[in-house]
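This report describes selected features of the structure shown below, for a reader who meets it here for the first time.

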Amino acid sequence: MTAAALEARRVQRSPRAARDVTLLDLLDRLLQGGIVIQGEITLAAADIDLVDLSLLLVVGAVDSLRRDLRGPLRDAKS
Amino acid sequence: MGVYLYAICGDDAAVPDDVSGFDGAPLRMVRAGGLAALVSDRSSAPPEPREDTLWEHERVVEALMAGHDLLPARFGTELDSDAAVAELVLSRAEEFRSALAYVAGAAELGVRAACVGDLAPSIRRLPEAHAGHGYLAQRIGVHQRVRALADRVEQALGPLARAHTIRMPAPTSATISAAFLVAHERIDEFAHRAAALDAEIVDGRVFCTGPWPPYSFSNAAGRGR
């Protein structure tokens with residue numbers, strides 16, 4: 001399976017609202033998941049408030065998320 | 001000058017040839033202890049987390065994932081040199097090998113589920129003396145609905161996965177976030193089941209994303225976030 005095939009599958013499986021959710025899931029995984037190395041590394045994201053970052057990154061998705069999910073964005077700020 | 005780490009995989013993995021690293025830097029493998037680390041050189045400061053840089057990291061990891069089991073590194077992970085990468089891999093070789101065996105042949109699927117509908121009836125309609133009580137009753141109602149939704153997601157999708165983690169929402173939220181480790185050959189089945197669940201649940205929405213590299217199942221501690 002090629003990377004392009006993976007990407008195609010992701011898009012194909014994702015109706016519009018779910019594509020917005022994909023960005024939130026990307027954030028969650030890359031900034032809070034994955035192997036963590038202590039010591040010599042620089043964690044670029046360490047000092048950034050995840051909620052603020054989410055809001056910055058998904059500005060384009062805000063409307064549909066609010067409508068479809070009543071979701072993490074509104075909740076995060078309420 | 002630093003070395004940016006994308007993922008750790010088995011020593012048999014080749015460098016994916018259809019992508020490059022940050023700033024167009026070529027991807028390389030640092031091999032040590034029967035494992036390999038996919039890296040690229042960086043001459044500037046670590047990448048800031050933005051939508052485009054997050055996807056850049058993700059595309060590199062996915063290109064490797066297309067042919068190999070791997071443990072994705074958290075975004076922004078940099079080491080001083082190849083020697084430091086090799087030292088890291090050697091010092092945690094056993095942990096990485098065991099984690100690789102755990103995620104072998106599987107990918108991560110994300111599931112977000114949210115209660116929708118009349119979650120927050122205006123408490124202003126209540127007589128003032130009862131407003132506090134009404135608010136609490138409403139909060140408990142929301143909590144029960146979210147709990148029921150989480151149970152339903154877990155029951156429907158859990159059996160299709162090798163492992164899963166479900167994060168319950170903050171008290172002010174009605175959205176749960178879950179990660180499922182699913183064998184490659186069951187990914188389609190999983191996605192169809194998630195879509196069916198979305199259709200079945202009248203007062204909630206279920207969204208499935210992925211397949212992702214196993215970000216939520218790569219850490220030794222609990223194999224989850």
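In this predicted model, the largest cavity is lined by B:Met65, B:His68, B:Asp69, B:Leu70, B:Val103, B:Ala106, B:His184 and B:Pro214. By character, five of the residues in this lining are nonpolar, two are polar and one is charged. The volume of the largest cavity is about 40 Å³. A search of the whole structure for cavities of 30 Å³ or more finds one.

The cysteines may be considered next. Over all chains, the search finds zero disulfides. A disulfide requires two cysteine sulfur atoms within 2.5 Å. The cysteine sulfur closest to that of B:Cys115 belongs to B:Cys208 and lies 18 Å away, which is too far for a bond. The table gives the relative accessibility of two cysteines that count as buried.

| Residue | Relative accessibility | Class |
|---|---|---|
| B:Cys9 | 0% | buried |
| B:Cys115 | 2% | buried |

Helix 5 of chain B covers residues 187-200, which is 14 residues. At 1.5 Å a residue, this helix should span 20 Å, and the C-alpha atoms at its ends are 20 Å apart, so the two values agree. Within helix 5 of chain B, the residues B:Ile187, B:Phe190, B:Ala191, B:Ala194, B:Leu197 and B:Asp198 are buried. Because these buried residues cover an arc of only 120 degrees around the axis, they are on the same side of helix 5 of chain B. On the other side of this helix, B:His192 and B:Ala199 are exposed.

Notes
Residues are numbered from 1 along each chain as its sequence is written. Chains are lettered from A and ligands numbered from 1 in the order in which they are written. This is a predicted model: local features need pLDDT of at least 70, side-chain atom pairs count only at pLDDT 80 or more; totals for chains, interfaces and linings use all residues. Side-chain values use heavy atoms; hydrogens and water are left out. On a 1 Å grid over the protein atoms alone, a cavity is a set of points where a 1.4 Å probe fits but cannot get out, and a pocket is an open set with protein on both sides within 12 Å along at least five of seven lines; lining residues have an atom within 4 Å of a point. Grid points are joined across faces, edges and corners, and a volume is the space filled by probe spheres set on the points. Ala, Val, Leu, Ile, Met, Phe, Trp, Tyr, Cys and Pro count as nonpolar, Asp, Glu, Lys and Arg as charged, and the others, Gly among them, as polar. Buried means under 20% relative accessible area, exposed over 50%, partly exposed in between (1.4 Å probe, protein chains only). Helices (H or I, at least four residues) and strands (E, at least two) are DSSP runs, numbered from the N terminus. The expected span of a helix is 1.5 Å times one less than its number of residues. The arc is that of the directions from the helix axis to the C-beta atoms.
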